[in-house]
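User: Please take a close look at one helix of this model and its surroundings. A connected explanation suited to a first-year student would be appreciated.

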Amino acid sequence: MIIKSLEHLNQISKTISENLENGDCIFLIGEIGVGKTTLTRHLINNLQTQKGLKVTEVLSPTFNLLYEYEIKDLKIMHYDLYRLKKAKELDHLGIFSENEKTIQIIEWPDLIKTPLINKLEIHLEYGKNDNERKMKIRGLGKWKDFENEI
Ligand SMILES: Nc1ncnc2c1ncn2[C@@H]1O[C@H](COP(=O)(O)OP(=O)(O)OP(=O)(O)O)[C@@H](O)[C@H]1O
Ligand SMILES: [Mg+2]
């Protein structure tokens, strides 16, 4: 599908965040600057609003690899694995060690081969215009038919 603007991205992210619960995992796939962190920011801020909390800053975990957010009963782990070179380095991060208790949002997930039950893969590409993006979705488990909902 075509995302026409940042406002449109926000609408889509609302539909996603309304369905998010601990145990879910989102893979964000696409080139540098295509909008993976921007989408994550919308998801987290929408969850905060839905749960009656104030929205917070959502920065890119480029250098830290991970930022965590507690949103009432939800715990979000936002990863950016761009700098990882080997799958072995994933072990040190303890990624997925508590995945049924958290929501994992992962930019640059290429090295991850762990099979996951409730996974939503979002592929982003640049579009014709500046603020336009192409989005493709592949869902597993509870996200299997989600494509038809947005
Ligand atoms: N429709 C859109 N969807 C997403 N981002 C958009 C859109 N239109 C414009 N943008 C802009 O594109 C930029 C996306 O940057 P962002 O940091 O989110 O990319 P990224 O994919 O996380 O990059 P990186 O691979 O470096 O982590 C932002 O400046 C954002 O405002
Ligand atoms: Mg990013």
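Analyst: A crossing of two helices is called left-handed if the near helix is turned anticlockwise from the far one by less than a right angle, and right-handed if clockwise. The model is predicted, so local features need pLDDT of at least 70 and side-chain atom pairs count only at pLDDT 80 or more, while totals for chains, interfaces and linings use all residues. Residues are numbered from 1 along each chain as its sequence is written, and chains are lettered from A and ligands numbered from 1 in the order in which they are written.

The helix chosen here is α2, which spans residues 36-50. Helices (H or I, at least four residues) and strands (E, at least two) are DSSP runs, numbered from the N terminus.

Consider first its helical neighbour. The crossing of α1 and α2 is right-handed. Their axes, which are lines fitted to C-alpha atoms over the stretch in contact, lie 9 Å apart at an angle of about 55°, with angles running from 0 to 180 degrees between N-to-C directions. That angle makes α1 oblique to α2; under 35 degrees counts as roughly parallel, over 145 as roughly antiparallel, 65 to 115 as roughly perpendicular and the rest as oblique. Residues are in contact if their C-beta atoms, placed from the backbone, lie within 7 Å. On the α1 side the contact includes Leu9 and Ser13, and on the α2 side Leu43 and Asn46 are among the residues met. By class, this contact has 5 nonpolar, 7 polar and 1 charged residues. Here Ala, Val, Leu, Ile, Met, Phe, Trp, Tyr, Cys and Pro count as nonpolar, Asp, Glu, Lys and Arg as charged, and the others, Gly among them, as polar.

The sheet comes next. Its 7 strands form an open, mixed sheet in the order β1-β7-β6-β2-β5-β4-β3, where two strands pair if DSSP finds at least two bridges between them. β1 and β3 stand at the edges with a single partner strand each, so one side of each is left without a neighbour in the sheet. Helix α2 packs on this sheet, touching β2, β3, β4, β5 and β6, and its direction makes about 160° with that of β5. Of the strands touched, β2 and β6 run parallel and are joined by 5 bridges, one of which pairs leucine 28 with isoleucine 122.

Finally, α2 also borders ligand 1. The shell there holds 17 residues, with Gly35, Lys36, Thr37, Thr38 and Asn131 the closest; a residue is near if its C-beta atom, placed from the backbone, lies within 6 Å. α2 gives the most to this shell, with 3 residues.

Note on methods: Two residues are in contact if their C-beta atoms, placed from the backbone, lie within 7 Å.
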